[in-house]
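Notebook open, coffee poured. I want to look at one helix and then at the charged pairs.

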Amino acid sequence: MTRPSFEQLSAAPELATLAVLETAASMATLALRAEYPELGTDNFDPREPDLRAALELIKLARAIDLAIARYRRA
């Protein structure tokens with residue numbers, strides 16, 4: 001997670017929202033892994049709807065992180 005400086009926010013205020021979004025995605029991933037520790041192993045049933053939903057959210061959180069990183073590089 002990148003914390004934008006005052007100077008960066010002055011030049012690109014959208015970085016504030018992106019920092020919040022990045023933090024939220026990270027916290028959601030941590031919370032889901034805490035709720036479903038079996039996701040960190042090969043010992044879970046991917047047919048269970050709650051586990052599938054958790055995996056999908058984690059996948060989307062990673063996509064958000066990658067998109068934000070691409071935006072920052074651009």
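Started with the length of H2. At 1.5 Å a residue, I'd expect its 22 residues to span 32 Å, and the end C-alpha atoms are indeed 32 Å apart, so the two agree. Note to self: this is a predicted model.

Next I asked which residues of H2 are buried. I got Leu15, Leu18, Ala19, Glu22, Ala25, Ser26, Thr29 and Leu32. They sit on the same side of H2, because they cover an arc of only 165° around the axis. The helix repeat fits with that: an α-helix has 3.6 residues a turn, so residues three or four places apart point the same way.

Then I checked what that buried set packs against: helix H1 (6-11) and H3. Over on the other side of H2, I found Thr17, Val20, Ala34 and Glu35 exposed.

A glutamate among the buried residues made me look for a partner. Glu22 pairs with Arg72 through their side chains in a salt bridge, 3.2 Å from N to O. This pair ties together distant parts of the chain, 50 residues apart, with Glu22 in H2 (residues 14-35) and Arg72 in H3 (residues 49-73). Glu22 has 9% relative accessibility, so I log it as buried; Arg72, at 28%, goes down as partly exposed.

How many salt bridges does the structure hold? I count two. The other entry joins the side chains of Arg47 and Asp45, at 2.9 Å, N to O. Here Arg47 is exposed, at 65% relative accessible area, while Asp45 is partly exposed at 26%.

Conventions: Residues numbered from 1 in each chain as written. Predicted model: local features only at pLDDT ≥ 70, side-chain atom pairs only at ≥ 80, totals over all residues. Heavy atoms only, no water. Salt bridge = Lys/Arg side-chain N within 4 Å of Asp/Glu carboxyl O. Helix = DSSP H or I, 4+ residues; strand = E, 2+ residues; numbered from the N terminus. Buried < 20%, exposed > 50% of the residue type's maximum accessible area, 1.4 Å probe, protein only. Expected span 1.5 Å × (residues − 1). Arc of directions from axis to C-beta. Contact = heavy atoms within 4.5 Å.
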